[in-house]
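I opened the model to look up a few things about its chains. My entries follow.

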Amino acid sequence: MFRPRRQTSRRCLGLSESHAELAALRQAFGASSDELTGAEAVLAPRDAGEASAALRWASRSGARVLVRGGGTHQGLGYPLDPDLVISTERLGSIVAWEPEDLTLVVEAGAPVSRVEAMLAERGQTAVMPERPGSATIGGVVSAGVSGFRRRRYGPTRDRMLEVTLVTGDGRLVTGGGRVVKNVSGYDLPRLAVGAFGSLGLVVSVCLKLWPIGESLATVTLDDPDRADLLSRPLAVLDLNGQVTAYLGGTPGEVDEQSRLCGGERRDGLVWPDDPAGTYRWSLRVPPKHTRYASGRVPNGWDRLALLGVGEIRLASASIEGHRDLRAWAEGIGGALVMVDGPDEAYADLDPWGTPPASVEIQRRLIAAFDPARVINPGRLPGRL
Amino acid sequence: MSLAEDLRQLLGADRVLDGSLQRYLYGKDSGVARGNPDLVVTPRTTEEVAAVVRTAKRHGVPIVPRGAGTGLAGGAVPIEGGVVLSTTLMNEIHEIDPVARTAWVGPGVINLDLSNATRANGLHFAPDPSSQSACTIGGNVANNSGGPHCLAEGSTVNHILAIEVVLEDGSVIELGGIAPDPPGLDLRGLLVGSEGTLGIVTKALVKLTPNPPEVRTLLIAFDSVNAAAATVSGVIAAGVVPAALEMMDQRMVMAVENWLHLGLPTEAAALLLAEVTGTADAVDSEASLIAGEAAARGALSVRIASSEAERALLWKGRKSAFGAVAQAAPDYYLHDTVVPRTRLVETMAEVYRIAERHDLQMLNVFHAGDGNLHPLIAFDSEAPGMLDRVHAAAEELVQLCIRQGGALSGEHGIGLEKRDLMPLSFDQVSLDAQARIKDVFDPEGLMNPSKVLPEGARCFDLAARPPGGAWV
């Protein structure tokens, strides 16, 4: 659930004219002020046009906008003290589902759990995070997070066929298309993944779907090296040293692969929760170092490693040891990202770590989409 | 000093080509458009590319990167003159890491050479365009190239982890990374498929894919294109995404058979070439599902390759198709559009009607599994009025696919060929957004200018247009 990041006094926007416009928007949208963030208003647009009106106002007034879906990824990035919250709760429609083309067009505010349950009835999946909580499609896309099954199907980015977004200054922009293969123009759909709305508020996306295997199994591995024998497992997870393979495919294939694992088999996919703790982290390393990286994690931190992927989800009671771990990870081309932590933690540590070399290009690119820098300003690496 | 003198000082006389024949040869790619470069350079290193870019910029001259020139959309055509920068000497495989399943390669490495170099490790580079024995990795990155096996494995962008890029000011930057999800915007993904308009890729870290334990390749004959197209839709709807699912129509099969004598069934109206990979059980059950879908639509025959040699033979038929067209006519125009897989049957019927209406000879061989059509018009450009008919049919084909909810290009790119058709897919504001991306990377407009984005893409351009009837 959404959790307040910082309780600060409301900023005065200073422009009475803006206030009048905001009042009109609030009335139009039936909005209220936001107790969670202290923002002056929460607007929940019903369509791209309303989102555009809200963002045009924000750009004119210099208001800082936090975009909120299910609120599950609000701990990622530098904190924001917003003047306005735009909620995607009313943008929850399934626009078009073509089961026979394996594509889905869905609005940003649709909850992942609802979408995946619907798709599963026809044996399909958007390969969204498996334990989504209240996360929305738009939130997963904007935060750039992926499910465990990325080992087989690639990250969320690889599902993006089309994006429709409203830029910071209210332009309605579409990129990509509703087909599974497309090289028409620059790849905006992929670029929107992990952009935290800096290119625009994501209104809807078209996703490439995958068939769910006829047979599914969750099998423990007594010897972790046996994971290397598996052919295209959905995921191989190492939860504090216990290695489990997730298999999908034809019944004979899954039986054969299960035997290779050699451990206890359960039918279906029994996914673990992410490690819970005061601080949550994502350690990203070259995939071949995933198992070794687990050994670099400070004692007492809970860890869930996505073997073969290079992502290790961590939880800790304190930040002690994070500097060494980050320095090591960055030294081998990786990163240590704080996924969530207490509000005061953000004053002491950098959630992203060293910004990428391309930070200046990123700044200019964002300025092209959000010239007044209103959507999640300062949230990205390099405080972009 | 002149541009040529400056560049000779950088690269030496032998790697700056400006003879009239050389400039002619580098004036076009494998498409139909032609330009005329001022000169051609062949750098060997990233530093040399950066120096060439800086020099061209100082002289205010455009720069057009080029791999093997197998592109079909005019992406490597120097339409505004300037410098053609050929990457073919940057063909070193710098490092293969068989454990990580990655390789750092130069942009001039030939696609198939990379797969051959990693075969001993049981690995290959998944994107496999028909031109894979000639096209370069740099060209694949620029066009986000596909190929038959992109159906299950995805296009080039899914296989590029990081790139080293020379930007318009000659600076060098690495984008992406070997670890997953580098924080910040995914500029790697943006550069892939940008057709050399945002920067020049000088090195790529590619993902290598393990060779599958088992492969089954099926050749299925049908008495109608409709039945073959319906089978494709049926297979996808049944929840199977094969490694490849390719279609060839009768004319194309006859052209191939006439040339290579592979024993393909020329009496069939259409052939499907389907390939499934994975464990023994998976390939057997998926192969039988595909055969079942085909049988339900009246397939004439199903042949399953019984050996690696037979499999190679079937693929040879598919990958030689474009070469085989030479027997039908001296020229061909190969299209590349995409439709949703649910619309294959009706779209193909209309594709043939368009050829008929314009009295053109059409052959089809395409990536049916992902709805990526390649209608090919064989013609003689010397025939009077022929080019006009070919172009008219081309435009109708694109319009048809867009009407069906499809896209302008699946894997060849926009380049020059489809630049002016972009407004069919994108409204003015969306095109303007793309133009703003271009301007961020290339404010002076010297990086492969006049490609991808039509004139008037910027909303500013629209506003700047004089009203009708105005004196200018």
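Before looking at any loop I noted how elements are assigned: helices (H or I, at least four residues) and strands (E, at least two) are DSSP runs, numbered from the N terminus. This is a predicted model: local features need pLDDT of at least 70, side-chain atom pairs count only at pLDDT 80 or more, and totals for chains, interfaces and linings use all residues. Residues are numbered from 1 along each chain as its sequence is written, while chains are lettered from A and ligands numbered from 1 in the order in which they are written.

**Entry: two valines with positive phi**

I looked up Val452(B) and found it in the loop between H16 and helix H17 (459–464) of chain B. Its phi is near 70°, a positive value in a residue other than glycine. Most residues other than glycine have a negative phi. Is Val452(B) buried or exposed? Val452(B) counts as buried, with 28 C-beta neighbours inside 10 Å. My cut-offs: buried takes 20 or more other C-beta atoms within 10 Å of the residue's own, exposed 12 or fewer, partly exposed in between, with C-beta atoms placed from the backbone.

Then I turned to chain A. Val127(A) has a positive phi of about 55° and is not a glycine. I place Val127(A) in the loop between strand E6 (124–125) and helix H4 (137–143) of chain A. Val127(A) is buried, with 26 other C-beta atoms within 10 Å.

**Entry: the contact between the chains**

I counted two residues as in contact if their C-beta atoms, placed from the backbone, lie within 7 Å. Chain A and chain B each bring 67 residues to the contact. On the chain B side, elements that supply at least two residues include strand E9 (172–176), helix H10 (280–296) and helix H16 (428–441). H16(B) gives the most, with 7 residues. By class, the chain B side has 32 nonpolar, 27 polar and 8 charged residues. Here Ala, Val, Leu, Ile, Met, Phe, Trp, Tyr, Cys and Pro count as nonpolar, Asp, Glu, Lys and Arg as charged, and the others, Gly among them, as polar.

**Entry: H13 against H14 in chain B**

Axes are lines fitted to C-alpha atoms, for helices over the stretch in contact, and angles run from 0 to 180 degrees between N-to-C directions. The axes of H13(B) (residues 344–357) and H14(B) (residues 386–403) come within 10 Å and cross at roughly 165°. The two helices are therefore roughly antiparallel. I used these bins: under 35 degrees roughly parallel, over 145 roughly antiparallel, 65 to 115 roughly perpendicular, the rest oblique. In H13(B), Thr347(B), Glu350(B), Val351(B), Ile354(B) and Ala355(B) meet Ala393(B), Glu396(B), Leu397(B), Leu400(B) and Cys401(B) in H14(B). I sorted the residues of this contact into 7 nonpolar, 1 polar and 2 charged.

**Entry: H8 against H10 in chain B**

H8(B) and H10(B) pack at about 135°, with axes 9 Å apart. That makes H8(B) oblique to H10(B). Thr231(B), Gly234(B) and Val235(B) in H8(B) meet Ile290(B), Glu293(B) and Ala294(B) in H10(B).

**Entry: Asn140 in chain B**

Asn140(B) sits in helix H5 (residues 137–143) of chain B. Asn140(B) counts as buried, with 35 C-beta neighbours inside 10 Å. Its C-alpha is 9.3 Å from that of Glu411(B), 271 residues apart along the chain.
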